[in-house]
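Welcome! Please take a moment to look over the chain below before reading on.

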Amino acid sequence: MVAHMAELLETAPLSDGNGEVSSSDLKDTTSAEESSEEDDAREEEEKESDSETRSSAERQAEEQLVFCCEKCKALKNSTFERVTPRELSKERLLLNLEAEGVYECSHTGLVFEVSQKVKISYCVLSWKKFSSFLSGSWKFAGPIFDVNCDPSILKAIQFPHSLCLADQENQVSFSVLHVKGSQGAIETCSEHSLTHVRWCVSSLSPVGPVVKTSKSAEHHGLIQIFRELTPQNSFSFRVYLAGNNCSDIKDIRRAIKSVNNCKNNKKYIRVDKPPTCMLEENKKYQLISEPELLFSAEIVAVKGYFEVFYEDSPPFKLSLSDTDTGHIVWTATIREGVKRHSSTSDEELCQKRRKKTRGLDEVDCKSSAAPVVPELTDQQLMKVAKRMGKEWKMVSICYLGLNKQDLEELEAGEEDITMLKFNTLERWRRRQLKGQAGVQELRRCLDNEDVPNEVIAELDGK
């Protein structure tokens, strides 16, 4: 077995300013010694589900991590009224709050204090885009959000943080980084608890908790394992370390999605194992294994990943240890499980995913001649146009291949917004090759995080 490590910040792509939000309703973590049958069933469920076609709510339910820290006794079990948001797109959420009160988002752990009835839209961002705004000893302490609401009604926001506050000798000073345009400002917070940092709203733009500590702080961390689907009798895994917060989880998901979307045919699925642990800043951590590693790899950070290769068959026991003390902070066993007579092999699954990437189904693969794809009709394009929101210009340029001149020409000849949206779709249709302007072709163009779910649902015939 061999392993090497890399920093997550070097492998995850830069955020485009929006991110997927994770939910706070998570299944209980399981023991590392759970039965092989249970391990196997979970792995099979992961394999048979295509993560790229699942709703973001399902992905969020996978990612949220409930963690009761034995040191600081921090348990994310709020007394606030918990509310479930509606998805505006794959990355943005909406809460419709009916009265004055304090409400906690069930997906993110974000707490809103409002003075009257209001609608709040928000999404998780990646810290990578805003790291240059931090200076001195300020460090990220939790997820960063982009919140959109009337600031005169939204009195305060409580941001979840990932620090363990058990060490009374460590002097902790929380603030928030408030990004306004191209400038970032450190603003004081009114108070903090074991789980949240409270900030009185001044104005709304990207904002998230930051912290200064008198010495290295411990974080409520997470570990996520992803297995590469390979046709060979070998086993390859990525073991990610990060803080237990929405922004870090989003970075991991984006890193895996980036690898899965590359043309090297690599595909990773998540292996469900106990995810939470304690991680200390500036500590060296190494991954140890049974069977033994051929060489040791270390991560000197709270954030990064190990890449692990086995030529033997499971079970594999993985442990994360403090390099200096040898203390084990996390362990899990990956088992082969029982054989299923009707299961799909890894090779078959890889083939299915490749076919999907090329836009082919099983019938296409068996046929030597490509079927004739009917073009989208005007009626179909109009239905899609009616589902598009105010982001239609961005969608037209980013995903439909139009440019600024196209939009200016279309706007010069039409004032009705719905007809403008229709005309952009019609121009896309005209520019496609024969047989490449059908429903599936348009869906592939628009299957992106910032396209409203309603548009995709219309193309799916829902």
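The report below covers confidence, the sheet and two helix contacts.

## How confident is the model?

What you see is a predicted model, so a good place to begin is with its confidence, because where pLDDT is low, the predicted coordinates should not be read in detail. The chain has a mean pLDDT of 74, with 72% of its residues at 70 or more. Among the elements of the chain, strand 6 (residues 111-114) has the highest mean pLDDT, 95. The lowest, 37, belongs to helix 6 (residues 362-366).

Two stretches at the start deserve some caution. Residues 1-5 stay under 50 in pLDDT, and the model gives them 31 contacts beyond four places in sequence. Residues 7-64 are also below 50, and this stretch has 161 contacts in the model beyond near neighbours in sequence.

## A sheet of six strands

Next comes the sheet. Strands of a sheet pair through backbone hydrogen bonds, either parallel or antiparallel. Here, six strands make up an open sheet with mixed pairing, and their order is 2-5-6-10-14-13. At the edges lie strand 2 (81-83) and strand 13 (191-192), each of which pairs on one side only.

You can look inside the sheet at strand 10 (residues 154-160) and strand 14 (residues 196-200), which run antiparallel and are joined by five bridges. Which residue of strand 14 stands opposite phenylalanine 159? The partner is valine 197.

## Helix 9 against helix 10

Two packed helices are described by the angle between their axes and the distance between the axes. Helix 9 (residues 404-413) and helix 10 (residues 417-431) have axes that come within 10 Å and cross at roughly 130 degrees. The two helices are therefore oblique to each other, and their crossing is right-handed.

On the side of helix 9, the contact is made by Asp406, Leu407, Glu409, Leu410 and Glu411. Helix 10 contributes Leu420, Asn423, Thr424, Arg427 and Arg431. Sorted by class, this contact has five charged, three nonpolar and two polar residues.

## Helix 7 against helix 10

Helix 10 also meets helix 7 (residues 378-387): their axes come within 8 Å and cross at roughly 130 degrees. That angle makes helix 7 oblique to helix 10. The crossing of helix 7 with helix 10 is right-handed.

Helix 7 takes part through Asp378, Leu381, Met382, Val384, Ala385 and Lys386. From helix 10 come Thr418, Met419, Lys421, Phe422, Leu425, Glu426 and Arg429. How many nonpolar residues does the contact of helix 7 with helix 10 have? There are seven, along with five charged residues and one polar residue.

Conventions
Residues are numbered from 1 along each chain as its sequence is written. This is a predicted model: local features need pLDDT of at least 70, side-chain atom pairs count only at pLDDT 80 or more; totals for chains, interfaces and linings use all residues. Side-chain values use heavy atoms; hydrogens and water are left out. pLDDT is the predictor's confidence in each residue, from 0 to 100. Helices (H or I, at least four residues) and strands (E, at least two) are DSSP runs, numbered from the N terminus. Contact means heavy atoms within 4.5 Å. Two strands pair if DSSP finds at least two bridges between them. Axes are lines fitted to C-alpha atoms, for helices over the stretch in contact, and angles run from 0 to 180 degrees between N-to-C directions. Angles under 35 degrees count as roughly parallel, over 145 as roughly antiparallel, 65 to 115 as roughly perpendicular and the rest as oblique. A crossing is left-handed if the near helix is turned anticlockwise from the far one by less than a right angle, and right-handed if clockwise. Ala, Val, Leu, Ile, Met, Phe, Trp, Tyr, Cys and Pro count as nonpolar, Asp, Glu, Lys and Arg as charged, and the others, Gly among them, as polar.
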